[in-house]
Amino acid sequence: MSLNRSEKEAVISDVTSLAAKAQTLVMAEYRGITVADMTKLRNEARSKGVSLSVLKNTLARRAVAGSPFEIVGDQMTGPLIYGFSEDAVAAAKVVADFAKTNDKLVIRGGAFGGKALDVDGVKQLANIPSKEVLLAQLLGLMQSPISRTARVLAALAEKRGGGEAAPVADAPPAEAQAA
């Protein structure tokens, strides 16, 4: 079914606004996927904040013109589903995870940070932990020296006085503090 001019302009406008907010674009060929599988993919994508669209390639090229995703315009051929996400890894993760269980979805490429990604690039991007996991790892890394220091001080205190806290060398004696 062909679209009239105003419908095409509306599609281009919608995709342009998606591309303006997105950090990542992933393209995959969907030839042979059943409607039920496509519905599962769309539901999974929606829950992860990924916008999936099946678009005419000429409309997709026009929509991403002038955006960081313009560099993959020459790869926009054949029946493609386009995944846009504001999270840097969400689109790649959703499409790559689905492609592992459904061999009919074939990753074709993508773009991130103004650079074109090939299939391996999309898969590498999908293997990066999510933002929440990275923040938890960073917090654990920041707490590690503090907790090690506390364990060492506790061990020293236990060794010196049988569980009492050892006096701090820089602190004045208790008699001097009272005066």
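## A salt bridge within helix H1

Arg5 and Glu9 are 4 residues apart in helix H1 (residues 5–21), so about one helical turn separates the two. In this predicted model, the pair forms a salt bridge in which the closest N and O atoms are 3.5 Å apart. The partners fall into separate accessibility classes: Arg5 counts as exposed, at 67% relative accessibility, and Glu9 as partly exposed, at 46%.

## Further salt bridges

The count of salt bridges comes to 6. Another of these links Lys40 with Asp37, with the closest N and O atoms 4.0 Å apart. Both residues lie in helix H2, 3 residues apart, which again is about one turn of the helix. Lys40 has a relative accessibility of 55% and counts as exposed, while Asp37, with a relative accessible area of 21%, is partly exposed. The value for Asp37 excludes the buried class because buried requires a relative accessible area under 20%.

The side chains of Arg31 and Glu29 also meet in a salt bridge, at 3.6 Å from N to O. Here an exposed residue is paired with a buried one: Arg31 has a relative accessible area of 55%, whereas Glu29 is at 18% relative accessibility and counts as buried. These two residues belong to a network of salt bridges that links Glu29, Arg31 and Arg108.

## Overall architecture

The secondary structure of the protein comprises 7 helices and 5 strands. Read along the sequence, the elements follow the pattern α-β-α-β-α-β-α-β-β-α-α-α. Of the 179 residues in the protein, 31% are buried.

Contacts between residues distant in sequence are prominent in the count. Among contacts with a separation of 6 or more, 77% are accounted for by residues 24 or more positions apart.

## Nonpolar cores

The largest nonpolar core has 24 residues, and those with the most contacts inside it are Leu41, Val50, Ile81 and Leu105. Two or more residues of this core come from each of strand S1 (24–29), helix H2 (35–47), strand S2 (50–54), helix H4 (90–101) and helix H5 (119–127). Helix H4 gives the largest share, 8 residues. Apart from this core lies another, of 18 residues, among them Ala19, Leu25, Met76 and Tyr82.

Val50 is among the residues with the most contacts inside the largest core. Leaving aside neighbours within four places in sequence, Val50 is in contact with Ala45, Gly83, Phe84, Ser85, Ala90, Ala91 and Val94.

## Ser53 in strand S2

Ser53 is found in strand S2. With a relative accessible area of 15%, Ser53 is buried. Leaving aside neighbours within four places in sequence, Ser53 is in contact with Leu18, Leu80, Ile81 and Tyr82. One of these partners, Ile81, is listed among the residues with the most contacts inside the largest nonpolar core, and another, Tyr82, belongs to the core of 18 residues.

## The largest pocket

The largest pocket holds about 160 Å³ of space. Its lining consists of Ala96, Asp97, Ala99, Lys100, Val106, Ile107, Val119, Lys123, Ala126 and Asn127. The elements that give two or more residues to this lining are H4, strand S4 (106–112) and H5. By class, the lining has 6 nonpolar, 1 polar and 3 charged residues. Helices H4 and H5 are also listed among the elements that give two or more residues to the largest nonpolar core.

## Ala99 in the pocket lining

Ala99, one of the lining residues, lies in helix H4. At 19% relative accessibility, Ala99 counts as buried, because the class takes values under 20%. Not counting residues up to four places away in sequence, Ala99 touches Leu105 and Ile107. Of these two partners, Ile107 also lines the pocket, and Leu105 is among the residues with the most contacts inside the largest core.

Ala99 and Ala28 are 71 residues apart in sequence, and their C-alpha atoms are 9.1 Å apart in space.

Conventions
Residues are numbered from 1 along each chain as its sequence is written. This is a predicted model: local features need pLDDT of at least 70, side-chain atom pairs count only at pLDDT 80 or more; totals for chains, interfaces and linings use all residues. Side-chain values use heavy atoms; hydrogens and water are left out. A nonpolar core is a set of buried Ala, Val, Leu, Ile, Met, Phe, Trp, Tyr and Cys residues joined through side-chain atoms within 4.5 Å. Buried means under 20% relative accessible area, exposed over 50%, partly exposed in between (1.4 Å probe, protein chains only). Contact means heavy atoms within 4.5 Å. On a 1 Å grid over the protein atoms alone, a cavity is a set of points where a 1.4 Å probe fits but cannot get out, and a pocket is an open set with protein on both sides within 12 Å along at least five of seven lines; lining residues have an atom within 4 Å of a point. Grid points are joined across faces, edges and corners, and a volume is the space filled by probe spheres set on the points. Ala, Val, Leu, Ile, Met, Phe, Trp, Tyr, Cys and Pro count as nonpolar, Asp, Glu, Lys and Arg as charged, and the others, Gly among them, as polar.
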